[in-house]
Amino acid sequence: MKNVFTRCAILLAVFFINYGLQAQLATWNFDGEVTAPSSSAMDVVADPAVFSRGLGTTSFPAGNSSTDSYSTNNWSTDAAFDDTKFLQISLSADECNLLEIRGFDFDERRSGTGVLSFFVEVYYTLADGSTGTTTVMTGTVPDDIDWRSQSSPLSLDCTQATFRIYGFDAEATGGTWRFDNISIAGSVIPSDTNAPVVSLSPIP
């Protein structure tokens, strides 16, 4: 019984700490020319960002008011959506926890012949083991070389999530598309809804 109460107390503590203090589940800013996450919340495992096969040479040009960003070329020049070329980031919750994902944000900048359209999807696993896919955002990119911030609210409770940012309709295969300041907003909550409720009473 003591172990049950201890486990419940730990779950409750994790819930209140993360819910009250964590605004971001994970972030990637690429400073230092690294693709590993620059931060992650307690009880969250975040993977390095990775470009899909078929894209070009990666580089770390100047970021959006930061030292580095993450860039590549060879994006599809077809105006139709291409699901083979993307930037991918993934994160998962530790055992006994769930990710409460509430937003997805990233900064992007195309070169003069870079992509003109993008599409973002999230592939996820729920607490019961079932899987699904949700469209996070779609958009077009102005024909300029300015930095932009793309943002979308999201309501997703899951144990694991993989985001893919697809780019297509590039003006030339040599055109680049760079990313910076990727962030996933939310909190971590206990997934064990069957844990007993702890009732505290004064000692007589």
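Here is a short chat about salt bridges in this predicted model.

Me: What makes Arg 102 and Asp 157 a salt bridge?
Reply: Their closest N and O atoms are 2.9 Å apart. The cut-off is within 4 Å, so the pair qualifies. The two residues sit in distant parts of the chain: Arg 102 belongs to strand β7 and Asp 157 to strand β10, 55 residues apart.

Me: Why is Arg 102 called partly exposed?
Reply: Its relative accessibility is 34%. Partly exposed covers the range between 20% and 50%, so Arg 102 fits there. Asp 157, also at 34%, counts as partly exposed.

Me: How do you know that Glu 171 and Arg 110 meet in a salt bridge?
Reply: The N to O distance is 2.5 Å, and the limit is 4 Å, so the pair counts. Glu 171 lies in the loop between β11 and β12, while Arg 110 is in strand β7, so the bridge ties together parts 61 residues apart in sequence.

Me: Why is Arg 110 called buried?
Reply: Buried means under 20% relative accessible area, and Arg 110 has 2%, so the label holds. Its partner Glu 171, at 42%, is partly exposed.

Me: And what makes Arg 148 buried or exposed?
Reply: Arg 148 has 13% relative accessibility; that is under 20%, so Arg 148 is buried. Arg 148 forms a salt bridge with Asp 144, with the closest N and O atoms 2.6 Å apart. Asp 144 is partly exposed at 26%.

Me: Which residues do shared partners join into one network?
Reply: Glu 100, Arg 102 and Asp 157. The whole structure holds six salt bridges.

Terms used
Residues are numbered from 1 along each chain as its sequence is written. This is a predicted model: local features need pLDDT of at least 70, side-chain atom pairs count only at pLDDT 80 or more; totals for chains, interfaces and linings use all residues. Side-chain values use heavy atoms; hydrogens and water are left out. A salt bridge is a side-chain nitrogen of Lys or Arg within 4 Å of a carboxyl oxygen of Asp or Glu. Helices (H or I, at least four residues) and strands (E, at least two) are DSSP runs, numbered from the N terminus. Buried means under 20% relative accessible area, exposed over 50%, partly exposed in between (1.4 Å probe, protein chains only).
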